[in-house]
Amino acid sequence: MKKHHSYITAVAALVLALGGGLFVANLRSAEATAKTAHFARPAQSPVAPKSSAVDLNLFSAMADERVVDAVKNDLATCQAALNAAGVVFKQVANVQEGQCGYQDAIEVKASLTELTPNPGAPEHLPMTCDLAARLHMWERHIVIPAAEKYLGSPVKEIKAFGTFQCRNVADTDKLSEHAYAKAADIASFVLADGREISVLEDFYGKDAKGDFLREVRQRACDLFDVTLGPDYNEAHRNHFHLDVGGDHACR
Ligand SMILES: [Zn+2]
């Protein structure tokens, strides 16, 4: 019996060893093929290959790092993605104000909803293409469905306190992402039926308005690098700060 066992063990070990060897051999040959194929290709231009088109309509685009990288790092891809998603925008002149400023920024003229300045806010809302693309995905995949789910009405307008402002993060000496037009401060949402849901008035409401606001803030964290709201501090009691500056926070 003992003999029999050790025989089986030996056979099993042999099979494993052979299998492992084959696996490694396969890997090696795949590597070799890849190398051969690489050198067999015609000479390529040193320019990075054009990234494939990005479809902001796809819900899966939100979690796809390639999409995030493409809209962040490739202006042409980002603008093409906005065009393909039906976002109407115009390019705005570059601005440099001391250490603040932006290049290749756009102003969104029409998306699924209107993005408008809150009363008293600056008239223009320039933003990087990357920010516009993520705002569009937020609007399309999160804000509009949540409004329909909780409030039974689509959103027709999103009001913002602003995007570009040459200033530091409150109580620090670090420039805010607003200094580069990479951040938007969202104040309220106007529904097609006329109701206005405001971060200041409704965020902590124990009703559908509060549920809506808390959901769109929480899920913004999946899209934006930094998402801050009334839970974060007093300075954010009346808006959601959404930015694409590359830091990470969800509060
Ligand atoms: Zn902000």
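Me: Where does phenylalanine 164 lie in this predicted model?
Reply: The model is a predicted one. Two strands, β6 and β7, are joined by a loop, and phenylalanine 164 belongs to that loop. The place asked for is therefore the loop between β6 and β7.

Me: Is phenylalanine 164 buried or exposed?
Reply: A residue counts as buried if 20 or more other C-beta atoms lie within 10 Å of its own. Phenylalanine 164 has 26 other C-beta atoms within 10 Å, so phenylalanine 164 is buried.

Me: Which residues does phenylalanine 164 contact, leaving aside its neighbours within four places in sequence?
Reply: One of these residues, histidine 178, is 14 residues apart from phenylalanine 164 in sequence, yet the two are 4.8 Å apart in space, C-alpha to C-alpha. With neighbours within four places left aside, the contacts of phenylalanine 164 are Tyr102, Pro126, His178 and Ala181.

Me: What is the phi of alanine 181, and is this residue buried or exposed?
Reply: Alanine 181 also lies in the loop between β6 and β7. Most residues other than glycine have a negative phi. Alanine 181 is not a glycine, but its phi is positive, at about 60°. With 27 C-beta neighbours inside 10 Å, alanine 181 counts as buried.

Me: Is lysine 174 buried or exposed?
Reply: Lysine 174 has its place in the loop between β6 and β7. Residues up to four places away in sequence not being counted, lysine 174 touches Asn168 and Val169. A residue is exposed if 12 or fewer other C-beta atoms lie within 10 Å of its own. Lysine 174 has 9 such atoms, so lysine 174 is exposed.

Me: How is aspartate 104 classed: buried, partly exposed or exposed?
Reply: Aspartate 104 sits in the loop between β3 (100–102) and β4 (106–110). Although aspartate 104 is not a glycine, it has a positive phi of about 55°. There are 13 other C-beta atoms within 10 Å of aspartate 104, so this residue is partly exposed.

Me: Why do the buried residues of helix α2 line one face of the helix?
Reply: Helix α2 covers residues 65–73, and its buried residues are Val67, Val68, Ala70 and Val71. Seen down the axis of α2, these buried residues line one face because they fall within an arc of 165°.

Me: Which exposed residues does α2 carry on the face turned away from its buried side?
Reply: The buried residues of α2 pack against α3 (75–84) and α4 (129–151). Arginine 66, in helix α2, has 11 C-beta neighbours inside 10 Å and so counts as exposed. On the face turned away from the buried side, the exposed residues are Glu65, Arg66 and Asn73.

Me: Within what arc do the buried residues of α3 fall?
Reply: The buried residues of α3 are Thr77, Cys78, Ala81 and Leu82. Seen down the axis of α3, they line one face of the helix, because they fall within an arc of 135°.

Me: What covers the buried residues of α3?
Reply: The face of α3 turned away from its buried side carries the exposed residues Ala76 and Asn83. Over the buried residues, the cover includes α2, β1 (88–91) and α4.

Me: At what angle do α3 and α4 pack, and into what classes do the residues of their contact divide?
Reply: The axes of α3 and α4 are 9 Å apart, and the helices pack at an angle of about 35°. Leu75, Cys78, Gln79, Ala81 and Leu82 of α3 make the contact with Cys129, Asp130, Ala132, Ala133 and His136 of α4. These residues divide into seven nonpolar, two polar and one charged.

Me: What is the handedness of the crossing of α3 and α4?
Reply: α3 and α4 belong to a protein chain with six helices and 11 strands. The crossing of α3 and α4 is left-handed.

Me: Over which residues does pLDDT stay under 50?
Reply: The mean pLDDT of the protein chain is 84, and 79% of its residues reach 70 or more. Where pLDDT is low, the predicted coordinates should not be read in detail. One stretch has zero contacts beyond four places in sequence, and its pLDDT stays under 50: residues 18–50.

Definitions and conventions. Residues are numbered from 1 along each chain as its sequence is written. This is a predicted model: local features need pLDDT of at least 70, side-chain atom pairs count only at pLDDT 80 or more; totals for chains, interfaces and linings use all residues. Helices (H or I, at least four residues) and strands (E, at least two) are DSSP runs, numbered from the N terminus. The arc is that of the directions from the helix axis to the C-beta atoms. Two residues are in contact if their C-beta atoms, placed from the backbone, lie within 7 Å. pLDDT is the predictor's confidence in each residue, from 0 to 100. Axes are lines fitted to C-alpha atoms, for helices over the stretch in contact, and angles run from 0 to 180 degrees between N-to-C directions. A crossing is left-handed if the near helix is turned anticlockwise from the far one by less than a right angle, and right-handed if clockwise. Ala, Val, Leu, Ile, Met, Phe, Trp, Tyr, Cys and Pro count as nonpolar, Asp, Glu, Lys and Arg as charged, and the others, Gly among them, as polar.
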